[in-house]
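Reader: I would like to learn how to read a sheet and its charged contacts in a model like this one. Could you walk me through it?

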Amino acid sequence: MRRLPVKLHQNEELLGVIRRSLFSKIRKIIIVVVWILIPFFFFFPLLQLGGSGLGIFIFLLVSGVIYLVRQYLIWANSLFIITDQRLIDVDQRSLTSREINEVVLADVSEVTCLRNGLWNSLFNLGTIHVSTKSSHGYDLELSGVRRPEKVRDLLDEVQYMRNYGRKVI
């Protein structure tokens with residue numbers, strides 16, 4: 001199992017780790033694939049330019065691969081962690097910028113899921129929104145989630161079990 005970016009409290013049980021679906025990043029994936037493939041379409045004309053053409057080819061290829069790795073790392077490190085005590089939203093904004101927000105389950109007032117648009121309906125994608133009771137608390141939101149209703153049901157079940165003193169499954 002991958003190491004989590006946050007440390008769990010003592011006696012805290014991990015119930016789920018949710019990431020955005022790769023389908024929600026399809027535009028960026030297409031851009032990266034085109035960016036990496038374009039140099040190959042112009043390989044022979046670029047080689048006719050000599051060393052500068054080869055430099056352009058290598059630059060385009062390497063920059064495309066670097067952008068692909070960057071996008072993957074940002075996607076892989078953006079998580080929504082569900083435990084039996086709290087919800088943790090880890091938002092990797094760039095390679096060097098990460099925002100972590102957490103909400104104690106007792107402060108959760110409402111969990112909703114929203115799905116709109118043809119793309120989201122076709123690929124069963126949606127947005128999970130967690131509202132808190134406290135006025136100074138953060139509302140958590142995770143978009144591009146696959147099967148958002150299932151995530152909402154899990155959060156509702158965790159809240160129910162916590163409120164009625166039963167062990168969370």
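**Reading the sheet and the salt bridges**

Author: Happy to! Let's begin with a single pair of residues: Ile88 has Glu102 in E4 as its bridge partner. Please keep in mind that this is a predicted model.

Reader: What is the general idea behind the pairing of strands in a sheet?

Author: Strands of a sheet pair through backbone hydrogen bonds, and the pairing can be parallel or antiparallel. Here, strand E3 (residues 86–94) and E4 pair in the antiparallel sense, over 8 bridges.

Reader: In what order do the strands of the open sheet run?

Author: The order is E1-E2-E3-E4, with 4 strands in an open sheet and antiparallel pairing. Strand E1 (14–18) and strand E4 (97–104) stand at the edges; each has a single partner strand, so one side of each has no neighbour in the sheet. From one strand to the next, the twist averages 15 degrees.

Reader: Which strands does helix H3 lie across?

Author: Helix H3 (residues 51–76) lies across strand E2 (79–83) and E3, and runs at about 165 degrees to E3. H5 also packs on the sheet, where it touches E1, E2 and E3; the direction of H5 makes about 30 degrees with that of E2.

Reader: Now the charges, please. How many salt bridges are there?

Author: The rule to apply is a side-chain nitrogen of Lys or Arg within 4 Å of a carboxyl oxygen of Asp or Glu. By that rule the count is 5 salt bridges. One of them joins Glu149 and Arg115, with the closest N and O atoms 2.5 Å apart. This pair links distant parts of the chain: Glu149 belongs to helix H5 (residues 148–163), while Arg115 sits in the loop between strand E5 (108–114) and helix H4 (118–122), 34 residues apart.

Reader: Are Glu149 and Arg115 buried or exposed?

Author: For this step we need the cut-offs: buried is under 20% relative accessible area, exposed is over 50%, and partly exposed lies in between. Glu149 has 28%, so it is partly exposed, and Arg115 at 29% also counts as partly exposed.

Reader: Which residues do salt bridges with shared partners join into one network?

Author: Let me show you another pair before the network. Arg152 forms a salt bridge with Asp153, where the closest N and O atoms are 3.4 Å apart. As for your question, Asp91, Arg93 and Glu99 are joined into one network by salt bridges that share partners. Within it, Arg93 and Glu99 form a salt bridge with their closest N and O atoms 2.3 Å apart. Arg93, at 48% relative accessibility, is partly exposed, and Glu99, at 29%, is partly exposed.

Methods
Residues numbered from 1 in each chain as written. Predicted model: local features only at pLDDT ≥ 70, side-chain atom pairs only at ≥ 80, totals over all residues. Heavy atoms only, no water. Buried < 20%, exposed > 50% of the residue type's maximum accessible area, 1.4 Å probe, protein only. Helix = DSSP H or I, 4+ residues; strand = E, 2+ residues; numbered from the N terminus. Pairing = 2+ DSSP bridges. Axes fitted to C-alpha atoms, helices over the stretch in contact; angles between N-to-C directions. Contact = heavy atoms within 4.5 Å.
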